[in-house]
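Biologist: Can you put the model up? I have a few things to ask.

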Amino acid sequence: MENLIALGQKYVMNTYNRQSKVFVKGQGSYVWDSEGNKYLDFVGGIAVNILGHCPEVVQKALHEQAAKLIHCSNLYWIEPQIKLAQKLAEASSCDKVFFCNSGAEANEAAIKLARKWGKGRYEIITMEKSFHGRTLGALTATGQEKYRKDFEPLPGGFKYVPYNDLQALVDAIDHHTCAVMLEPIQGEGGVNVPDANYLKGVEEACRLNNLLLIVDEVQTGIGRTGKAFGYQNFGLEPDIITLAKGLGGGVPIGAMLAKEAVAQAFVPGDHASTFGGNPLATAVALAVIEKVFTEEFLVSVVEKGEYFKEQLNQLKTNYPIIKKVKGLGLMVGCELDVENGSAIVQYAIEHGVLINIVGNKTLRFVPPLTTSKDEIDQVIGILAQAFEEVG
Ligand SMILES: Cc1ncc(COP(=O)(O)O)c(C=O)c1O
């Protein structure tokens, strides 16, 4: 393991603070490291492994499609791509889909589409504490200075307002504005769930001012919050939706969905992606959403999420280190009353549980949506131990 990590440090670019573990195998909610240690994975590839590790449906779709057609240019029609687009359109407020390979790329596509639709109006209002990706456009959309500094000059045309503050948004709209872009629940910003009527208010402001409502569902989409898409918890009808992470159940794929009248702004030559919507990725995504977009599956996510939050709130009564329990479905946050909670994460990993922290203060749990109450209990047990011993 040490040798491999030393090689990694020599040859892999230094863009992540990585734990000193090498993972070699995964099954269901568990992964194994190169030393044979087993871990309960509540990071889930950061909200990617929604059906757990190596789920049979994904394996089957991969194997079958790999034997038929692995890649084919978008200069031609591809059956699984068409079928996936149909399913996503039917399940959402949108009508047409552009496929790409990641969340940042989906947001880049959304930014370009909004600008083309805006016919001269180019400005997009985004939220403080938001996260939209690392490419220059998506990075500029991201309302967190810490990610943007050092990369200037950034493209213009973005304005930031505090999340959950409707008046600030309304005040920021001017004749340059073409769209508002936000996460229905902020992920990297700390698992921030907005007040009940905020998002509906944002939508009304968009309608009044003829602006597009762009919802970044990269983290909240595909069942994560107990609905097919996170915005459905708030009764919205977004004009553009971006997806990635869970869509491929571990296989890289991104998508940008738009309503017909908005999608029409793009014509051949406006946007493209060599790998976007490739047969392998779309065949897998199709199998993933067939499993996830069912009443039974989504209800189970809601139930497990509620159970998880109840257990965390129970812990809160014993451990004042917990400031606030938040989230929806299986996107759960536990805000700690500390400057830096990474010792808790470290304790958990040393005791066989993978968890993650955002903004140094909020433990973020985005486990496989197939996790069980028993596994949730295991995580609660380790957290209690961690708060007892290091908290
Ligand atoms: C809400 C949101 N949008 C966009 C992204 C960027 O996605 P990717 O890393 O696939 O580019 C992320 C990643 O964490 C995200 O959480």
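Biologist: How far apart are the centres of domain 1 and domain 2?
Modeller: The centres, taken over C-alpha atoms, are separated by 26 Å. Domain 1 is 57-292 and domain 2 is 294-358, with bounds from an automatic or database domain assignment. This is a predicted model: local features need pLDDT of at least 70, side-chain atom pairs count only at pLDDT 80 or more, and totals for chains, interfaces and linings use all residues. Residues are numbered from 1 along each chain as its sequence is written.

Biologist: How many residues does each domain put into the contact?
Modeller: Domain 1 gives 14 residues and domain 2 gives 15, where contact means C-beta atoms, placed from the backbone, within 7 Å.

Biologist: And the classes on the domain 1 side?
Modeller: Four nonpolar, six polar and four charged. Ala, Val, Leu, Ile, Met, Phe, Trp, Tyr, Cys and Pro count as nonpolar, Asp, Glu, Lys and Arg as charged, and the others, Gly among them, as polar.

Biologist: New topic. Which residues are closest to the ligand?
Modeller: Ser-102, Gly-103, Ala-104, Gly-133 and Val-218, out of 14 that surround the ligand (C-beta atom, placed from the backbone, within 6 Å).

Biologist: Which helix gives the largest share of that shell?
Modeller: Helix H5, residues 103-118, with three residues. Helices are DSSP runs (H or I, at least four residues), numbered from the N terminus.

Biologist: What about the classes in the shell?
Modeller: The shell has four nonpolar, seven polar and three charged residues.

Notes:
Helices (H or I, at least four residues) and strands (E, at least two) are DSSP runs, numbered from the N terminus. Two residues are in contact if their C-beta atoms, placed from the backbone, lie within 7 Å.
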